[in-house]
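Trainee: I have a structure to read and I do not know where to begin. Can you take me through it feature by feature?

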Amino acid sequence: MRKTIGTLVIILVSFSLTLHTACSTARGESELAGTVTDGVAPLAGVTITLTSPSLDRPRVAATDARGSFRFNALLPGSYEVAFRAEGFHAVSYGVQVGTTPEHLEAALPRMTEQERLVAETRVTTSTDSAAKAARVRKQRDRRGLIPGLRDLVVANAPAMTSHAAASPFFHEQLNTEEYASFAEGSFLSAAEKPLSTFSIDVDRASYSNVRRFLRDAQLPPADAVRIEEMINYFNYAYPPPADGRPFAVHTEIASCPWNESNRLLRIGIQGRQIDSWKMPPSNLVFLLDVSGSMNSPDKLPLVKDAFRLLVDQLRPQDRVSIVVYAGAAGTVLPSTSGADKQRILDAISELEAGGSTAGGEGILLAYRIARESFIPEGSNRVILATDGDFNVGASSAGELEELIVQKRREGVFLTVLGFGTGNLKDAKMELLADKGNGNYAYIDNKLEAEKVFVHELGGTLLTIASDVKIQLDFNPALVEEYRLVGYENRRLQDRDFHDDTKDAGELGAGHSVTALYEIKPVKKSGASSTAQIATLRLRYKDPGVETSQLIATPVRDRGLSWYGASDDFKFAAAVAQFGMLLRNSTHRGNSDWSGALQLAKVARGADPGGYRQELVEMVETAASLQSGTRQIVSGQ
């Protein structure tokens, strides 16, 4: 319990708390539920964050239109509950959960008008903060830490005042986030267009970004929801390859949960795992945005925490350089062995934000450093961490794309990591990663950083198959129509499948890829239950090789019912339903929040790490927000 007794007494003056118990839940688990009011009326959209040593990650919920919230599947123990809503004082306190459910009744103290004004004028303190930071940096330079960093960052410190990024109100008032607009894929006739061709996508950024919106009690914009990235955020139990190829291919077909007359095809690709000690040496350049827009807790401080996790994974044969950019770009750490972890960590600790954003100049310098330290038989990669705001230098998408494609051909790949809110240039960051033969992830908390840099490090750093393309050749005698779920910005022309000069997605070590097709079968075809409905073809290149290889396998519908489908199949379908509901898809059929929630719960399975349980909670939060929005609108 972080609150002292004295603090708790103060809070309870305006914050009432009642606990009562009910019947026990199964497996020794319990739940925490309750209602939140302003002292009189229920409050919708309040963000509730639950933390505990027994949880792998914070759990987040939002109150519905009745002010209600609920956390399920809790183990007995101590928890901290934090409540946050705009216009109200944030409060938190400890609660002990036993083997029986707990219920809270909370009243949030509303801010006075004067308190609101004080909070909104915090941005005016940024000038003093910048000057103080400059003095601290100057003192550090005198101690000999990170020579040259003062000239790069301090010279640009005054520009920090124009961003005022230290205030949370800055992001709410000047939101410049950008997402690529796309039209949802529709049904196509198998007789008229039997071929469906697309590039794989191993990005996961959309899922964690959607999570960030829901955590902040907001429904995400439709264009921020890329269903294939949400599905591919999760691991599925696909068997690894056993034939010497870099990946194995699996298919499964069962009834479609949102349209019982249709069938759902799941395609799964599982890349081979490579033990860390067997991985080739890495030449990594950390390209870190330290501009003024990164001066908030969810940006540069989180960047530093994330890269510390990566440094912990380095081996002596790995090498790291650090390039930063603000009003200008500079090198703060030359190429350094992974054995010298403390030197790398010291360089990361010294970073501070201030200045404009010379993103183009930073990328140029990072690629130059990568070439100077190039390891011929190793993994050479620039890892860019930014909120995506490139506003100085070579910043147009065309210029950056041309540069990154050129460097990709020289053997240096690019991974892009997005951070923070308000400035996120999602479309540009995804484009850069795609052209750089890398992946794009959005990191919204330290646990996500751990997922990317610890649990999925092989997939992040080591490519095992390049330009991976998938093509389905549907049998019109059995398939009337089909549609690919998601992958709208990964569609390819059918002729591109055989064109080895056409860029496509990369598969990292241990990565898996899942794709879903909704299929309208031909009525009364008379075919057997094991008839071949399609041929699945894949093309890929071994890294560094220009000629692709072909894999072909039949796709058979064995008439599996929905109830006979695997849990992984059902869970992937639940995630797809969730995405369609968030996008208000015209193809959502009979999907509703309750059905998606129940399906996700049923298919949750063993769930190591709690990732699937988190999806359940996200569906609950989105349903509450959607319900609250409808009620407010109808009330007007």
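Mentor: Begin with burial. This is a predicted model. Of the 636 residues in the protein chain, 55% are buried.

Trainee: How many helices and strands does the secondary structure of the protein chain come to?

Mentor: There are 18 helices and 23 strands. Look at contacts too. Take those in the protein chain between residues at least 6 apart in sequence: 78% of them join residues at least 24 apart.

Trainee: How should I read a sheet?

Mentor: Start with the general idea. Strands of a sheet pair through backbone hydrogen bonds, and the pairing is either parallel or antiparallel. Now a case. Three strands, in the order S4-S1-S7, form an open sheet with mixed pairing. Its edge strands are S4 (68-74) and S7 (102-107), and each of them pairs on one side only. On average, neighbouring strands of this sheet are turned by 15° against each other, direction ignored.

Trainee: In which sense do strand S1 and S4 pair?

Mentor: They pair in the antiparallel sense, over 5 bridges. S1 covers residues 30-37. For one bridge, find Ala 33: its partner in S4 is Arg 70.

Trainee: What is the order of the strands in the open sheet of 5 strands?

Mentor: The order is S8-S19-S21-S11-S10, and the pairing is antiparallel. S8 (188-189) and S10 (247-256) stand at the edges with a single partner strand each, so one side of each has no neighbour in the sheet. Inside the sheet, S19 (residues 479-485) pairs with S21 (residues 512-521) over 6 bridges. One bridge puts Leu 484 opposite Tyr 517 of S21. Helix H16 (residues 567-583) packs on this sheet and touches S10, S11 (259-271), S19 and S21. The direction of H16 makes about 110° with that of S11.

Trainee: Is strand S13 largely enclosed or open?

Mentor: S13 (residues 319-325) has 6 of its 7 residues buried, so the rest of the structure largely encloses it. Now look at its partners. S12 (residues 282-289) runs parallel to S13, joined by 7 bridges. In one of them, Asp 289 has Tyr 325 of S13 as its partner. S14 (residues 329-337) runs antiparallel to S13, with 6 bridges. There, Val 323 is matched with Thr 331 of S14.

Trainee: How many residues lie between S13 and S14 in their hairpin?

Mentor: There are 3 residues between them. The link from S12 goes another way. S12, helix H9 (residues 300-312) and S13 make a β-α-β unit, and this unit is right-handed.

Trainee: How do I describe a pair of packed helices?

Mentor: Two packed helices are described by the angle between their axes and the distance between the axes. Try H9 with helix H10 (residues 341-349). They pack at an angle of about 175°, and their axes are 10 Å apart.

Trainee: Why are H9 and H10 called roughly antiparallel?

Mentor: Angles over 145 degrees count as roughly antiparallel, so H9 and H10 are roughly antiparallel to each other. From H9, the contact uses Lys 304, Phe 307, Arg 308, Val 311 and Asp 312. From H10, it uses Lys 341, Ile 344, Leu 345, Ile 348 and Ser 349. These residues divide into 5 nonpolar, 1 polar and 4 charged.

Trainee: What should I know about phi?

Mentor: Most residues other than glycine have a negative phi. Look for exceptions. Ala 73 has a positive phi, near 55°. Ala 73 is found in strand S4. With a relative accessible area of 28%, Ala 73 is partly exposed. Asp 607 is not a glycine either, and its phi is positive at about 60°. Asp 607 is found in the loop between helix H17 (593-602) and H18.

Trainee: Is Asp 607 buried or exposed?

Mentor: Asp 607 is buried: its relative accessible area is 15%, and buried means under 20%.

Trainee: Last one. Where is Thr 621?

Mentor: Thr 621 is in helix H18 (residues 611-635). At 3% relative accessibility, Thr 621 counts as buried. Leave aside its neighbours within four places in sequence, and Thr 621 is in contact with Val 60, Ala 61, Ala 62 and Leu 214. Check Asp 64 as well. Asp 64 and Thr 621 are 557 residues apart along the chain, yet their C-alpha atoms are separated by 7.9 Å.

Definitions and conventions: Residues are numbered from 1 along each chain as its sequence is written. This is a predicted model: local features need pLDDT of at least 70, side-chain atom pairs count only at pLDDT 80 or more; totals for chains, interfaces and linings use all residues. Side-chain values use heavy atoms; hydrogens and water are left out. Two strands pair if DSSP finds at least two bridges between them. Helices (H or I, at least four residues) and strands (E, at least two) are DSSP runs, numbered from the N terminus. Axes are lines fitted to C-alpha atoms, for helices over the stretch in contact, and angles run from 0 to 180 degrees between N-to-C directions. Buried means under 20% relative accessible area, exposed over 50%, partly exposed in between (1.4 Å probe, protein chains only). Contact means heavy atoms within 4.5 Å. A crossover is right-handed if, with the strands pointing away from the viewer, the path from the first strand over the helix to the second runs clockwise. Angles under 35 degrees count as roughly parallel, over 145 as roughly antiparallel, 65 to 115 as roughly perpendicular and the rest as oblique. Ala, Val, Leu, Ile, Met, Phe, Trp, Tyr, Cys and Pro count as nonpolar, Asp, Glu, Lys and Arg as charged, and the others, Gly among them, as polar.
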